[in-house]
Structure formats: C-alpha cells, structure tokens
Amino acid sequence: MIRIVIAEDQKMLLEAISSLLNFEEDIEVVGLASNGEEALSMVHELQPDICMMDIEMPEKSGIEAAEALKPFEYRVIILTTFRRNGYFQRALKADVRGYLLKDSPSDVLASSIRGIMDGKRIYSPELMDDASDKNEREMEVLGLMEESIHTNEASNQQNNTIGTVRKYLSAIKGKMKLPTG
C-alpha cells in the first residue's frame, strides 16, 4: 500500500484529490494538510511513502517544504496549475520526484504515483521553464531511442505523449542538423 500525505490550501480540492486517490486499491491517503508547515509535521510524524503538495500555500510553499524534506529523502510530488519561472529549477534542486499539472486526469496522477514509487521522476513537459531542462529531457528521450525503443514505448516509459516525444526528437535532429522528416 502506497501511503500519501497531501497538502493543499483549497479545502474542496484537498478533499477531492484525497477521495480520488483513496479509490485506488494500492493507495491510501494517511494525512491531509492545509499548508506547508502542517505537511512537514505530518510527514515527520506519519512517515508516508509520498508527500504530494500544492506549490503555493500559506506559511510554507510546496517548494519550501520540499527543500526542508530533501535531507530526509522523502518522495515529494508538487502539483501546480501554472508554470512559473524558476519553480521547476527549485523543484529539481529540492529533489522533487514529480512536478505535475493539477488538471491532469486522476488516472494519470495515480499512474505517476506508482511510477515514482518505482524510482522514476515524472515532470510535466508544460511546466519546464528553462532550455537546459529541455536539453536534459531530450537526452533522456535520445537515450531511450539509442536502446532501440520505438516512439510509443519511449512515450510510455517517460509518461509523455507521442507528440511530445516526436517534438524532442525533432529538436534533437535539428541540433544535429539532420532532416526532421
């Protein structure tokens, strides 16, 4: 059973996410927090497998809480609605395992949680805010392609859409000055 603490300052959204995840057979929400400080206390007390947090909360943001949890090596997922410059870089430095959009379907969230438990890092491409992040992602996709994995399999392994994988491949080909067709 995957044990999760969720931190979200919007009560209705907090309850909705909790209810949706509790429908999953292998996921149990063990704590609900309304801000980053409460999340930190709950994580230390309850020792969940994952702490999922909104990025912007009172008292301590999700990023600040993730930074505080980094030395303890907890798996942290940040949920956000909007891309903000600098947040993705801070999330990476805080060793956040997932950086996801709130408007993703619940099955994608549950799948991401399972992937993170399996050691994957899952970042929504729409939230990446720096060219160096794209280069890093392109290198991951290129590595999968070098292993002779087809576009569909690379898409599944990286939790991307096929279109996103193709976009990365086109960018890689462009940098290598290869025809993109």
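Strands β3 (residues 50-54) and β4 (residues 75-80) run parallel and are joined by five bridges, where strands are DSSP runs of E of at least two residues, helices are runs of H or I of at least four residues, and both are numbered from the N terminus; two strands are taken to pair if DSSP finds at least two bridges between them. The model is a predicted one, in which local features need pLDDT of at least 70 and side-chain atom pairs count only at pLDDT 80 or more, whereas totals for chains, interfaces and linings use all residues. Residues are numbered from 1 along each chain as its sequence is written, and side-chain values use heavy atoms, with hydrogens and water left out.

Within the β3-β4 pair, M53 has I78 of β4 as its bridge partner, and I78 in turn is partnered by Y99 in β5. Strand β4 is mostly covered, five of its six residues being buried, that is, under 20% relative accessible area with a 1.4 Å probe and protein chains only, as against over 50% for exposed and in between for partly exposed. Together with helix α3, strands β3 and β4 form a right-handed β-α-β unit; a crossover is right-handed if, with the strands pointing away from the viewer, the path from the first strand over the helix to the second runs clockwise.

On β5 (residues 98-101), G98 and L100 point one way while Y99 and L101 point the other way, and all are buried. This strand is parallel to β4, to which four bridges join it, and G98 is the bridge partner of I77. The β4 and β5 strands, with helix α4 (residues 87-93), make a further right-handed β-α-β unit. Strand β5 also pairs in the parallel sense with β6 (residues 122-123) over two bridges, with G98 standing opposite I122; here, however, the unit formed by β5, helix α5 (residues 106-117) and β6 is left-handed.

The largest nonpolar core, a set of buried Ala, Val, Leu, Ile, Met, Phe, Trp, Tyr and Cys residues joined through side-chain atoms within 4.5 Å, has 26 residues, and M53, L69, V76, I78, V96 and Y99 are those with the most contacts inside it. Among the elements that give two or more residues to this core are β1 (2-7), α2 (36-46) and β3, while α3 gives the most, with four residues. A second, separate core of 18 residues includes I2, I6, I77 and I113. When residues up to four places away in sequence are not counted, V96 touches A66, V76, I77, I78, A91, R121 and Y123, contact meaning heavy atoms within 4.5 Å.
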